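I opened my notebook on this one with a short list of things to look up. Here are the entries, in the order I made them.

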Amino acid sequence: MGTSFSERPLGGLCLVLAGCLWAVTAQAQEMAGKPAANDGTNATYWMQNSVEYKANTEALYALARIRLNQAIADQSWTAAMEQGPGYEKKPVAVILDVDETVLDNSLYQAWIVENGQHYSSKTWAPFVHTETSRAIPGSLDFINYAHARGVAVFYVSNRKAPEEAPTRNNLTKLGYPIGDQDDRVLLRGEKEDWGSDKGTRRAVVAENYRIALLIGDNLGDFLDGVDVSPAERQKLFQDNAAHWGRDWIMLPNPSYGSWEGASFGFNWGAPGEEKRQMKFDKMDDWKPAN
């Protein structure tokens, strides 16, 4: 029979405790300076570095070019629910979101991941003012093609009004046409009724143009009222099935969006562990047989 723990000499106990303490200390030293676990690591790396992401966006913008040509030829074609009567004779326009649709902000997302941070207007605004966002693959070729065909290009973004100058500068530096006469960059808060829902801004464009395509990376780039439960979002998706891939083009964005907020009831201030648990609770998982 071996000696029970309670029967061991005190010196032996001290050695055991000392060994445990050394192991914990060694592990802490080993972990110091190493990357911390972060929910956004794979998504950010994928968007910034994978050829699969680039192939997706290039393919979707190639599809957008095909759909644009079809829309130009068909005067009854419109992508906007806000389009009023008599739109058939109006000049053609396309509406694109900006972030993760036209401009790649993975530099900011990588900073969040690497520093254990989260989105905040206090850090986002300074990033926007650096004017260092990159071009989403395929977007510049498509927009220049639309512009060359005489199509008006509008950028409807939930960047805030004070960020318009650096946003316009960033787009211009990358070669995107932003319009010389009328305002083609429509940001949240520029006017009193321009909130986070984009319908009022689409309506402004629809007053003078036939909107051929909507292009974005978030359900809210196509519809208002998307901050609802996952089941209600699924219904919105299904109810608008005829639009997807035709006049509504959705780009992939696994880093952030209303899809994530829906998983935890849009309680963005909840602790990270709590939000992660709510995501786990909503996922369907395989249950292997015992």
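Which residue is the bridge partner of Val94 in S4? I looked it up in the model, which is a predicted one, and found Val153 as the partner of Val94.

**Entry 1: strand S4 and its partners**

I stayed with S4, which covers residues 152-160. On one side I followed its pairing with S1, residues 92-96: the two run parallel and are joined by 4 bridges. Besides the Val94 and Val153 pair, I noted Leu96 standing opposite Tyr155 of S4.

Then I turned to S5, residues 185-188, which also runs parallel to S4 and is joined to it by 4 bridges. Here I picked out Ser157, whose bridge partner in S5 is Leu187.

Is S4 largely enclosed or left open? I counted 7 of its 9 residues as buried, so the rest of the structure largely encloses this strand.

**Entry 2: the whole sheet**

Next I wanted the strand order. I read it as S5-S4-S1-S6-S7, an open sheet of 5 strands with parallel pairing. S5 and S7 (248-250) are at the edges with a single partner strand each, so each has one side without a neighbour in the sheet. Ignoring direction, I get an average turn of 20° between neighbouring strands of this sheet.

I also checked what lies on the sheet beside these strands. Helix H7 packs on it and touches both S4 and S5, and the direction of H7 makes about 140° with that of S5. H7 spans residues 164-173, and together S4, H7 and S5 make a β-α-β unit that is right-handed.

**Entry 3: helices H2 and H4**

How do H2 and H4 pack? For H2 (residues 41-49) and H4 (residues 106-114) I noted an angle of about 150° and axes 10 Å apart. Angles over 145 degrees count as roughly antiparallel, so that is how I describe H2 and H4. I marked their crossing as left-handed.

For the contact list, I wrote down Thr41, Thr44 and Gln48 on the H2 side. They meet Ser106, Leu107, Gln109, Ala110 and Val113 of H4.

Which residues of H4 are buried? I found Ser106, Tyr108, Gln109, Ala110, Ile112 and Val113. These buried residues pack against H2, strand S2 (103-104), helix H5 (121-130) and strand S3 (134-135). Just after H4 I spotted Gly116, which takes a positive phi of about 60°.

**Entry 4: Phe127**

From H4 I moved on to H5, where Phe127 lies. Is Phe127 buried or exposed? Its relative accessible area is 11%, and buried means under 20%, so I put Phe127 down as buried.

I then compared sequence and space for Phe127 and Tyr108: they are 19 residues apart in sequence, and their C-alpha atoms are 6.9 Å apart. Tyr108 also turned up when I listed the contacts of Phe127, setting aside neighbours within four places in sequence. The others I wrote down are Asn105, Leu107, Thr132 and Ser133.

**Entry 5: the chain as a whole**

To finish, I stepped back for the totals. The chain holds 11 helices and 7 strands. Of its 290 residues, 39% are buried. I also looked at contacts between residues at least 6 apart in sequence, and 73% of these join residues at least 24 apart.

Note on methods: Residues numbered from 1 in each chain as written. Predicted model: local features only at pLDDT ≥ 70, side-chain atom pairs only at ≥ 80, totals over all residues. Heavy atoms only, no water. Buried < 20%, exposed > 50% of the residue type's maximum accessible area, 1.4 Å probe, protein only. Pairing = 2+ DSSP bridges. Right-handed = clockwise from strand over helix to strand, strands pointing away. Axes fitted to C-alpha atoms, helices over the stretch in contact; angles between N-to-C directions. Parallel < 35°, antiparallel > 145°, perpendicular 65-115°, else oblique. Left-handed = near helix turned anticlockwise from the far one by under 90°. Contact = heavy atoms within 4.5 Å.
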